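Work through the exercises below with the coordinates open. Each task is followed by a solution in steps.

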Amino acid sequence: MLPVAAVLLFVALASSNSTQPPDPQPCPPEKLTTYRVVLHTFWTRDLFPKHYPEWRPPAQWSKLIGKSHSRSYSLFRLGQKASPGVKAFSEIGRGDLLEAPGPGVFDEFVAPAIPTGAGRTEAQFFVDGNHSRVSLMSRIIPSPDWFIGIDSFNLCVDGNWLDTITIEVDPLDAGTDNGFTFTAPNWATSPQGVIYRITSRYPSHPAGSFYYPYLKRLPPIATFQFIKTREYELNEVFHHSEDDKRYDLVNLDQSNTISVINSNNDIQLEMEAERREQEMRLQQQLATKSTIARTNALIRHARKNRRRGLRRRQRLPFVTLTPPPPLALAPGVIPSGDKGALLNSIVQTYHDKESHKPRKSRKYSEWDVFKHGGSRDCRVGEWGEWGACSKTCGVGEMARRREVVKHARRGGKLCPPLLETKWCGTGNSLDCGSHPFW
């Protein structure tokens, strides 16, 4: 089972007409989108047993050369003659002519070669609303002038960028060499032919390495998978919320920020007041724990004395005593000498205080707001300068920050975003070397 993404296309571009219909609905020109292309190859002896090359050299693939471009550019066209760059690349693997920039090209990219018949390689490239097409090719090694590739595939459909798509391809003949087998000598085609697709029955020569007349079509030899990684708006600015609480940290490499904070007496006084409140809260908690511990000790002591009294009474002779009539006591008055009632009264008083103790609310009351001089909104400083771009090649991000001058107090408005980022760089990765972003 071959890896297939959202869509599987069987590409058979056999039209010889270079005139293309206009795009029904192009993508917005202010959109910049990054894609990752993954080439999977399936050239194995099991799938292609005829003339399968084992050595000098074994089955393998050249580097992948690709371009994103407008409708006016063409890397190659089925049914048309190959350019000198395509001819040199498909015959001897020379790619300097193909890698040269051309009119209508937006981005140029290269993926590493695959040293075996079955493997994978990948690269990243950029497209925008005016350059939404991609063309790419990789040479079959060894071969006379055979390669795989895609010509001017449009990644924009109905005004939207494709999220992911997998395209299945067949071998292509550049039409510049007359060889029929993988290891055929260099027999130049004169006059030069056109680029065509190799099938299981065409060319219909019994010596052809891809000639399998009993098959309806050749097994898939490779697939190109395009995966959208990110979309950018030109001059787009991304606002970052304060959820990460970065404003609580002091950036030590910004001396102006430190001087502002140190010279702000209001902040210093409020920090001191908060510290005293925390100390008072801690003392209250310690006092409460001490009261609970003393009460528990009294309860344990009363229970111990009660058990001792029961054991003492069990040793005395049984005497029936007539208790005196009870005295009428006022409600809440504890009889003199009744330790048990005294302890129960202490415990009950503690529980009553705890149950009626008001809970601290996160919201400030009107009295609190009035007592402390009203609420205060967060106040922030001006935005700093934009920092350097995160990448020297391709598309990256740059950021700028602003600091908090005064924090919100007593229900005031929270701080606005303190961090902004926007995209930077260029969509052309020609200067990135052979492996951009790696």
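**Exercise 1.** Is Cys-27 buried or exposed, and what is its relative accessible area?

*Solution.* The model is predicted: local features need pLDDT of at least 70, side-chain atom pairs count only at pLDDT 80 or more, and totals for chains, interfaces and linings use all residues. Residues are numbered from 1 along each chain as its sequence is written, and side-chain values use heavy atoms, with hydrogens and water left out. Buried means under 20% relative accessible area, exposed over 50%, and partly exposed in between (1.4 Å probe, protein chains only). Cys-27 has a relative accessible area of 3%, so Cys-27 is buried.

**Exercise 2.** Find the disulfides, and state which parts of the chain the link of Cys-27 and Cys-156 joins.

*Solution.*
1. A disulfide is a pair of cysteine sulfur atoms within 2.5 Å. This rule gives 2 disulfides.
2. The sulfur atoms of Cys-27 and Cys-156 are 2.1 Å apart. The angle about this S-S bond is 110°, and the link is right-handed.
3. Cys-27 is in the loop between β1 (8-10) and β2, while Cys-156 is in strand β9 (residues 156-157), 129 residues apart. Strands (E, at least two residues) and helices (H or I, at least four) are DSSP runs, numbered from the N terminus.
4. Cys-156 has a relative accessible area of 6% and is therefore buried.
5. Cys-378 and Cys-415 form a disulfide with an S to S distance of 2.0 Å. Their link is right-handed, with 90° about the S-S bond.
6. Cys-378 is in the loop between α6 (366-371) and β16 (379-380), and Cys-415 in the loop between β18 (404-406) and β19 (419-425), 37 residues apart. Both cysteines, Cys-378 and Cys-415, are buried.

**Exercise 3.** Classify the aromatic pair of Trp-43 and Trp-61.

*Solution.*
1. Rings of Phe, Tyr and Trp (its six-membered ring) pair if their centres lie within 6.5 Å; planes under 30 degrees apart count as stacked, over 60 as edge-to-face and the rest as tilted. The structure holds 15 such pairs.
2. The ring centres of Trp-43 and Trp-61 are 5.8 Å apart and the planes are at 75°, so the pair is edge-to-face.
3. Trp-43 is in the loop between β2 (31-42) and β3 (60-61), and Trp-61 in strand β3, 18 residues apart.
4. Trp-43 is buried at 0% relative accessible area, and Trp-61 is buried at 1%.

**Exercise 4.** Which residues form one aromatic cluster with Trp-43?

*Solution.* The cluster consists of Trp-43, Phe-48, Tyr-52, Trp-61, Trp-146, Phe-182 and Phe-210.
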